[in-house]
Amino acid sequence: MAETIHIRNRRASFDFHLMENQVAGLQLTGTEIKSLRQGKASLSDAFCIFRNDELWVKNMHITEYEKGTYSNHEPLRLRKLLLRKTELNKLQKKIKEKGLTIIPVSVFISERGFAKMEIALAKGKKTHDKRESIKAKDSKRELDRVMKKR
């Protein structure tokens, strides 16, 4: 494999305080994995939900495979995340706490060729927290620029 596919949710760290990260397998169809290997996916509006004690990712957009025929997939369908039962139970208990949710942080192809998703237990940021994040990012950028001039 010459290049690695790594699709990130850039808004995740801006909108949420990320607490615990975990890597889960992603159950995909044939045309979905082909499209994902081309890097045609988006996590910007995606989030995770529990249904029947199983974890699913919703609103993850994987573009239809251009060479797919009648068997092409729906771009926004529910996709199952593969975790162990103990990990699922642990996450289910934690999201019952006030204000916690599970969001996808990134999607990548493992060394063995499987699609994996990094998920994080997260708590939403308030508006003033977002302003502090912007200030910190701007000051870091300014400091890097000053150090480059030297």
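Trainee: What makes β4 and β5 a hairpin in this predicted model?

Mentor: β4 and β5 have 2 residues between them, and in that turn Asn52 has a positive phi of about 55 degrees. The two strands pair in the antiparallel sense over 5 bridges, and Arg51 has Glu54 in β5 as its bridge partner.

Trainee: Why do β5 and β7 count as paired strands?

Mentor: Pairing requires at least two bridges between the strands, and 2 bridges join β5 to β7, which run antiparallel, so the requirement is met. In this pairing Trp56 has Lys80 of β7 as its bridge partner.

Trainee: What makes the side chains of β5 alternate?

Mentor: Leu55 and Val57 point to one face and are buried, whereas Glu54, Trp56 and Lys58 point to the other and are not. Buried stands for under 20% relative accessible area, so Leu55 and Val57 fall below that cut-off, while Glu54, Trp56 and Lys58 do not.

Trainee: Why are β1 and β4 said to stand at the edges?

Mentor: The 7 strands form an open sheet in the order β1-β8-β9-β2-β7-β5-β4, with antiparallel pairing. Residues 6–8 form β1 and residues 47–51 form β4, and each strand has a single partner, so one side of each is left without a neighbour in the sheet. For β1, strand β8 is paired in the antiparallel sense over 3 bridges, with Ile7 opposite Val107.

Trainee: How do you know that helix α2 packs on the sheet?

Mentor: Contact means heavy atoms within 4.5 Å, and helix α2, residues 30–37, touches β1, β7, β8 and β9, while its direction makes about 75 degrees with that of β8.

Key:
Residues are numbered from 1 along each chain as its sequence is written. This is a predicted model: local features need pLDDT of at least 70, side-chain atom pairs count only at pLDDT 80 or more; totals for chains, interfaces and linings use all residues. Side-chain values use heavy atoms; hydrogens and water are left out. Helices (H or I, at least four residues) and strands (E, at least two) are DSSP runs, numbered from the N terminus. Axes are lines fitted to C-alpha atoms, for helices over the stretch in contact, and angles run from 0 to 180 degrees between N-to-C directions. Buried means under 20% relative accessible area, exposed over 50%, partly exposed in between (1.4 Å probe, protein chains only).
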